[in-house]
Amino acid sequence: MPGQIDYSKLRILPDPDTREWWEGTKQRKYLVRQCKSCGHKFFPPLPACAKCTSMDLGWFETVGRGMIHSYCVVTQPILGAFIPAAPYVVAVIELEDCREADGSVTRVAGVLTNDEAETAIGHPVEVTFDETPDAKIVVPRWRICGVGSDTWRFLE
Amino acid sequence: MGSLTDKYCIVGVGETPHMRPSNRTTLSMACEAIRKAMADAGLDHRDIDGMTSYQTGDSTTSAHVATALGMRLNYAVDIFGGGSSTEALIAHAIGLIEAGYCKTMVIFRAMNGRSGRRMGGQAPGGPAAAATAEGDNQFFMPWGWTTPAQRFGLSAMRYLRDTGCTTKAFAEVAVAHRLHASLNPKALMRSPITIEDHQRSRWVVKPFRLLDCCQETDVSAAIIVTSRERAYDLRQPPVFIMGGTARTLTESPAWNYSRGEIHYVGGNYGRNRLFGMAGISQKDVDFVSCYDAFTFTTIIQLEAYGFCGRGEAKDFVKGGTLQIDNKLPSNLSGGHLSEGYTHGVQMIIENVRQLRHRADDACPGWAEGKHTYDRKAGCRQLKRARICCAMGWGTETTSSSAILRGIVA
């Protein structure tokens, strides 16, 4: 397990585009934006749909599961919040229920609760949530929840 | 060919030493770099009527520099940005001079990149202080993912997986650029390194080791662009701008991880525009500058701009391809990895010096274009330096480029 992230050294400031997303994490929901016009699901929560430019947007509550698309291992952090956590793994995750008809998929990113030794591209992950000293802010994390069928690890 | 091919030239270049720390203001460093560029071109401050620069909220402005140097400008606009801005501003200069907004334009970057604000959002006061995640950073910083090494590490990792490339290819870039720095008296890091040295250096962000990362530097660098007609009367052999691109972007430029192929980089969209405008092919290029914030950024842009196929860089760079006197010499000053980091300007400066046949090396006659080509004696000048391709990089999503040619064989 990586060390604890010291969220007291990280101030997160939601804005009018993102406030409801951070409300979602507080309720242990992993939301993505969904376009009411064309149905496109996307992250992060931007004010318009990149497929049809509609600004009439809602939210889609994902099942909070996905697959590791890539990762890196931070051995030398520069933010105070992450110094006690290092080395930690940042992963890009393909969301399981955000694949669209044209084959595109929405990806998100986050810190794994797992060590590098357990990490591989292709492993399934599920969301978990870290509380912070700021009661208004809950930060999503991801943990490996199984074994992928087509996996790849950086072995150097 | 583009309608403006060869109509505009780079006529002056100059830079401060690469320092850590400078103990100077960005204004002071910018003044020095611009004075040197004017002296190089044989111009004085009354000849400059346009100025532009790029920065990330960490530098002085054209208005401040013009005030200090007593210039009366007809165009002064500073843009936001880092890597990939130099070539983009060369494009601005061409368009503005062509349209009559000004006649002779300085492009500069001044940064205390080591002693001032460092890349990656470290809080003022150091890592112990609290950092604020707002705006774009709400979806990077809470995952401890802010520095360029961290950001590019994810696309690099997927690239390694998809192509079968290993970090030995990264090492080839580090070794070549350091070899060139060893021939550059201005470079910060001049001791040659080996593939093994690279492989033994410590991890910063896997898959990047220390020797994959550039040198944070305090420095200013400047170039001067004007029309061909004016260039012929100036002090140096002109360097012609054959073509370029100005920040070609991928489909999701702000959050490249969220959709699309994460290592399909911006240069892929620039390649045909660049070579189409210049009216040449990759085979005509004698040497390149390929933005080396990291070794990986050089690797992936060699593919993006078509010097080898996608996924083929691992074979292309093997055995010293990028070293001086070999197939495609890259970053002859040592680049960001070994000379110092100026967000791209110094790569254009080195290209200009090579194309003039006046690389400022250990040869006593370099200023007159007299070179020995003896690498053991410290000569850095390429024998055949007629056409070069400059490939700038901002992030995976953002690239600018330029093809330049000299008039000296």
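Helices (H or I, at least four residues) and strands (E, at least two) are taken here as DSSP runs, numbered from the N terminus. On that basis, chain A runs β-α-β-β-β-β-β-β-β-β from its N terminus on, which comes to one helix and nine strands. The model is a predicted one: local features need pLDDT of at least 70, side-chain atom pairs count only at pLDDT 80 or more, and totals for chains, interfaces and linings use all residues. Residues are numbered from 1 along each chain as its sequence is written, while chains are lettered from A and ligands numbered from 1 in the order in which they are written.

Chain A first. Its radius of gyration (taken over C-alpha atoms) is 16 Å, close to the 15 Å that the globule rule gives for 156 residues, so chain A is as compact as a globular protein of that length. That rule is 2.2 Å times the number of residues to the power 0.38. Taken along the principal axes, the C-alpha atoms of chain A fill a box of roughly 45 × 40 × 25 Å. Of its 156 residues, 40% count as buried, a residue being buried if 20 or more other C-beta atoms, placed from the backbone, lie within 10 Å of its own, exposed if 12 or fewer do, and partly exposed in between. Contacts call for C-beta atoms, again placed from the backbone, within 7 Å; among those in chain A between residues at least 6 apart in sequence, 56% join residues at least 24 apart.

Part of chain A is an open sheet of three strands in the order β3-β2-β4, with antiparallel pairing; two strands pair if DSSP finds at least two bridges between them. At the edges sit β3 (41-42) and β4 (57-61) of chain A, each pairing on one side only. Two bridges link β2(A) (residues 31-35) to β3(A) in the antiparallel sense, and here Arg33(A) stands opposite Phe42(A).

On to chain B, which has 12 helices and 12 strands. A compact globule of 409 residues would have a radius of gyration near 22 Å, and the 20 Å of chain B agrees with that. The C-alpha box of chain B, along the principal axes, is roughly 55 × 45 × 40 Å, and 59% of the 409 residues count as buried. Among chain B contacts between residues at least 6 apart in sequence, 76% join residues at least 24 apart.

One helix of chain B, α1(B), covers residues 26-41; its 16 residues should span 22 Å at 1.5 Å a residue, and the end C-alpha atoms are indeed 22 Å apart. The expected span is 1.5 Å times one less than the number of residues. Buried positions in α1(B) include Met29(B), Cys31(B), Ile34(B), Met38(B) and Asp40(B). Their cover includes β1 (8-15), α2 (62-69), β4 (104-112) and β8 (218-227) of chain B. Right after α1(B) comes Gly42(B), with a positive phi near 80°.

Where the chains meet, 40 residues of chain A are in contact with 38 residues of chain B. On the chain A side, the elements giving two or more residues are β1 (10-12), β5 (65-74), β6 (88-99) and β7 (105-111), with the largest share, six residues, coming from β5(A). By class, this side has 26 nonpolar, nine polar and five charged residues; Ala, Val, Leu, Ile, Met, Phe, Trp, Tyr, Cys and Pro count as nonpolar, Asp, Glu, Lys and Arg as charged, and the others, Gly among them, as polar. β5(A) also pairs across the chains: two bridges join it to β6(B) (residues 203-206), and the two run antiparallel. Val74(A) has Val205(B) as its bridge partner there.

Technical notes. Contact = placed C-beta atoms within 7 Å.
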